[in-house]
Amino acid sequence: MKIIDIHAHVYEKIAGITEGQPMSSTAMGRVTVGNQERQLLPPSFEYSRSTGEMLIAHMDWCGIEKALLMPNPYYGYHSRYFVENILKYPDRLKGVALVDILKGEKAARELSRYYDDGILFGMKIEVNSTFQCAPETRMSDDKLTPVWDCCNQYRQPVFLHMFRTEDIEDLKFLTKNYPDIVFVICHMGADSCFGKGMPKDNYEEVLEIVKQNKNVYIDTSTVPVYFEEEYPWTSSVRIIEDCYYRVGPEKMMWASDYPGMLNHGTMQQLINLVVTGCTHIPDSHKELIMAENARRLFWNN
Ligand SMILES: [Zn+2]
């Protein structure tokens, strides 16, 4: 079966932000967050970096045809490194843009420069890291309007990693107001759905948004993390199959969230989560989820 990964991270060195503190690479998969050191990646990541070469090696190893490089302020701003790798592996990699959307108009201008250059595309928002310095900010705030207008005008997809209940309200607002933006909900709703203390009906609401709006999709990555379970991740398989029954195979895309997910399973196991794990999904529909939806949306040129 063909496989396209729509969410993989590369960086030469982590220089990000989390929990209001800087995060940076040390060694053996470890990072510092403020003064504390913690294991972020497996120790085989000797320099605590995720290179393009290493990603391509994993893709070759597991038969992954193409991947989208996904940014996140959590790891830092690595657009230059993305571009370098995309130019090196033009048939294998595409990369998503990251700007500081709190800058409003200025962020929109930066985005339009990326789109005019034609190497990076789309936009990523990871709510927790993005709004760390301004936690009251909502995605629907007026000051972010220029950014959404820019994505809509250029017809660029937006990848959303949501954390808060109010993000789901904002998603409804955005999907209605920006019909020319394709929205991809990362990690099946992530913390906004599966995080501790979240109301149970959040997930139902997200599935309804995916089902009702033709411009909204969902990716299947990192679900096992929220259920603290070991491979073969039976709760995660159930969640993915339930999602399939609710929204249909045209709206779902597989993703690895490499390399952080290697703490929980191998790349092959992350593939198997859907390919061999989801026994209720027929192969023809798995082909859509594993590659063909992504190919149609992101490699249609
Ligand atoms: Zn990620």
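Three protein donors hold the zinc ion here: His-7 (NE2), His-9 (NE2) and Asp-257 (OD), at 2.0 to 2.2 Å from the metal. Keep in mind that this is a predicted model. Written along the sequence, the spacing of the donor residues is H-x1-H-x247-D. His-9 sits in the loop between β1 (4-8) and β2 (15-18), and Asp-257 sits in the loop between β13 (252-253) and α11 (267-275), so this pair ties together parts that are 248 residues apart in sequence. His-9 and Asp-257 are both buried.

Now to the strands β3, β4 and β5. Strand β4 (residues 30-33) pairs with strand β3 (residues 21-25) and also with strand β5 (residues 36-39). Here are the two pairings side by side:

| Pair | Sense | Bridges | Opposite residues | Residues between strands | Positive phi |
|---|---|---|---|---|---|
| β3 and β4 | antiparallel | three bridges | Met-23 and Val-33 | four residues | Met-28, near 55° |
| β4 and β5 | antiparallel | four bridges | Thr-32 and Glu-37 | two residues | Gly-34, near 60° |

Side chains alternate along β4: Val-31 and Val-33 point to one face and are buried, while Arg-30 and Thr-32 point to the other face and are not buried.

Next up is helix α8, which covers residues 201-212. With twelve residues at 1.5 Å each, α8 should span 16 Å, and its end C-alpha atoms are indeed 16 Å apart, so the two agree. Which residues of α8 are buried? They are Asn-202, Tyr-203, Val-206, Leu-207, Ile-209 and Val-210. Looking down the axis of α8, you'd find these buried residues within an arc of 155°, so they line one face of the helix. Their packing partners are α6 (165-177), β11 (183-185), α7 (191-194), β12 (216-219) and α10 (234-247).

That leaves the nonpolar cores. The largest has 89 residues, and Met-123 and Trp-148 are the ones that touch the most other members. The element giving the most to this core is α10, with six residues. Leaving aside residues up to four places away in sequence, Met-123 touches Val-96, Ala-97, Val-99, Ile-101, Leu-111, Tyr-115, Val-147, Trp-148, Cys-151, Pro-157, Val-158 and Phe-159. Another core, of 17 residues, lies apart from the largest one; Ile-4, Met-253, Ala-255 and Trp-299 are among its members.

Note on methods. Residues numbered from 1 in each chain as written. Predicted model: local features only at pLDDT ≥ 70, side-chain atom pairs only at ≥ 80, totals over all residues. Heavy atoms only, no water. Expected span 1.5 Å × (residues − 1). Buried < 20%, exposed > 50% of the residue type's maximum accessible area, 1.4 Å probe, protein only. Arc of directions from axis to C-beta. Contact = heavy atoms within 4.5 Å. Core = buried A, V, L, I, M, F, W, Y, C linked by side-chain atoms within 4.5 Å. Pairing = 2+ DSSP bridges. Donors = N, O, S within 2.8 Å, 3.2 Å for Na, K, Ca; no water.
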